[in-house]
Structure formats: structure tokens, C-alpha cells
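This report goes through one protein chain, beginning with its pockets and ending with its overall layout. Please keep the sequence and the picture in view while reading.

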Amino acid sequence: MIADNAVRVWRIIGSPRYPTPEQRLRDDAIEAYQRCHYPWGVARHFSAIIASGSLAHYDRQITAPTVVLHGQADKLQRPFGGRVVARAIRGARLVLFDGMGHDLPEQLWDRVIGELTSTFAQG
């Protein structure tokens with residue numbers, strides 16, 4: 001049941017252009033369950049997000065070279081959110097990945113690493 005739910009959730013918030021094979025989603029869900037099943041963790045996580053409010057004040061204090069990576073197909077945090085963060089950080093670059101949802105698909109790892117490496121080199 002928990003693995004079934006994990007598959008349903010990742011099908012909603014994952015990358016539509018880069019879907020993760022169902023067996024891998026199931027295996028990951030089972031591994032996470034066996035490692036540390038703590039149902040209240042999700043509720044605490046979302047409570048912390050809501051309670052923290054806007055982080056824009058902190059974003060404006062960032063002075064390090066910054067790249068904001070975001071999926072164009074992210075249904076959990078729409079691309080608008082990535083744009084807001086990038087605008088709040090002076091000099092930040094926004095990189096939007098077509099077809100990427102609220103995950104980090106393996107097919108994009110090389111591009112993500114390239115963006116990060118380029119940003120790190122500026123620091």
C-alpha cells in the first residue's frame with residue numbers, strides 16, 4: 001500500500017518527460033519505509049514549510065554566485081516560484097528544464113552538473 005501510494009505521488013509530481021520506471025519507484029519506497037517509517041514526518045515537514053513563511057529576506061542576503069534550477073513541469077512548486085527566488089538573489093541565473101517535474105531525473109544529471117560546475121567556478 002505504501003509503495004502504491006509512492007508510485008501515485010511520483011506520477012503526479014515527477015518529470016513527465018523523464019518518467020522513473022515503476023519498479024524503481026516501488027523499490028525506493030520500500031527501501032525508505034524499511035530505513036525509517038515515520039508517518040508524522042510528512043506532517044511536520046509541511047508544517048515547517050507553512051510556519052517559515054517567506055524566505056525572500058534570506059534570499060536577498062545571498063552574495064555567492066547562484067543558479068536556480070527548476071522544472072518547467074513542476075506541479076508541486078510551479079516555475080513561478082523558481083523565478084521569484086532567482087529575482088530575489090542578486091545576479092542569480094535561472095535555468096528551467098523542459099519536461100522536469102519536482103524531481104531530478106537521471107537523464108538531466110549531466111546538464112545539472114554542468115550548471116552547478118559553471119556556477120561554482122565563479123566563486
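## The largest pocket

In this predicted model, the largest pocket has a volume of about 1400 Å³. Its lining is made up of 46 residues, and those that lie nearest the centre of the pocket are Ala6, Val9, Trp10, Ile13 and His102.

Several elements take part in this lining, since at least two residues each are supplied by helix 1 (2-13), helix 2 (22-36) and helix 3 (40-52). When the lining residues of the largest pocket are sorted by class, 27 are nonpolar, 12 are polar and 7 are charged.

## The second largest pocket

The second largest pocket has a volume of about 220 Å³. It is lined by 13 residues, of which Asp59, Gln77, Gly81, Val84 and Val85 are the closest to its centre.

Which elements each supply at least two residues of this lining? They are helix 4 (56-59), strand 1 (67-71) and helix 5 (79-88), and the largest share, 5 residues, comes from helix 5. Sorted by class, the lining of the second largest pocket holds 7 nonpolar residues, 5 polar residues and 1 charged residue.

## A nonpolar patch on the surface

Turning from the pockets to the surface, one can find a nonpolar patch formed by Val42, Phe46, Ile49 and Ile50, which together have about 420 Å² of accessible area.

Is Ile50, one of the residues of this patch, buried or exposed? Ile50 lies in helix 3, and this residue counts as exposed because its relative accessible area is 71%, whereas the cut-off for the exposed class is over 50%. Helix 3 therefore appears twice in this report, as it holds Ile50 and also supplies at least two residues of the lining of the largest pocket.

## The chain as a whole

With the pockets and the patch in mind, the reader can now place them within the complete chain. The chain contains 6 helices and 2 strands, and, read from the N terminus on, its elements follow the order α-α-α-α-β-α-β-α.

The C-alpha trace of the chain spans about 45 × 35 × 25 Å along its principal axes. Of the 123 residues in the chain, 28% are buried, where buried means a relative accessible area under 20%.

Conventions
Residues numbered from 1 in each chain as written. Predicted model: local features only at pLDDT ≥ 70, side-chain atom pairs only at ≥ 80, totals over all residues. Heavy atoms only, no water. 1 Å grid on protein atoms, 1.4 Å probe; cavity = no way out; pocket = protein on both sides within 12 Å on 5 of 7 lines; lining within 4 Å. Points joined across faces, edges and corners; volume = space filled by probe spheres on them. Helix = DSSP H or I, 4+ residues; strand = E, 2+ residues; numbered from the N terminus. Nonpolar A, V, L, I, M, F, W, Y, C, P; charged D, E, K, R; others polar. Patch = residues over 30% accessible without salt bridge, like charges linked within 9 Å, V, L, I, M, F, W, Y side chains within 5 Å. Areas by Shrake-Rupley, 256 points an atom, 1.4 Å probe, with all protein chains shown as cover. Salt bridge = Lys/Arg side-chain N within 4 Å of Asp/Glu carboxyl O. Buried < 20%, exposed > 50% of the residue type's maximum accessible area, 1.4 Å probe, protein only.
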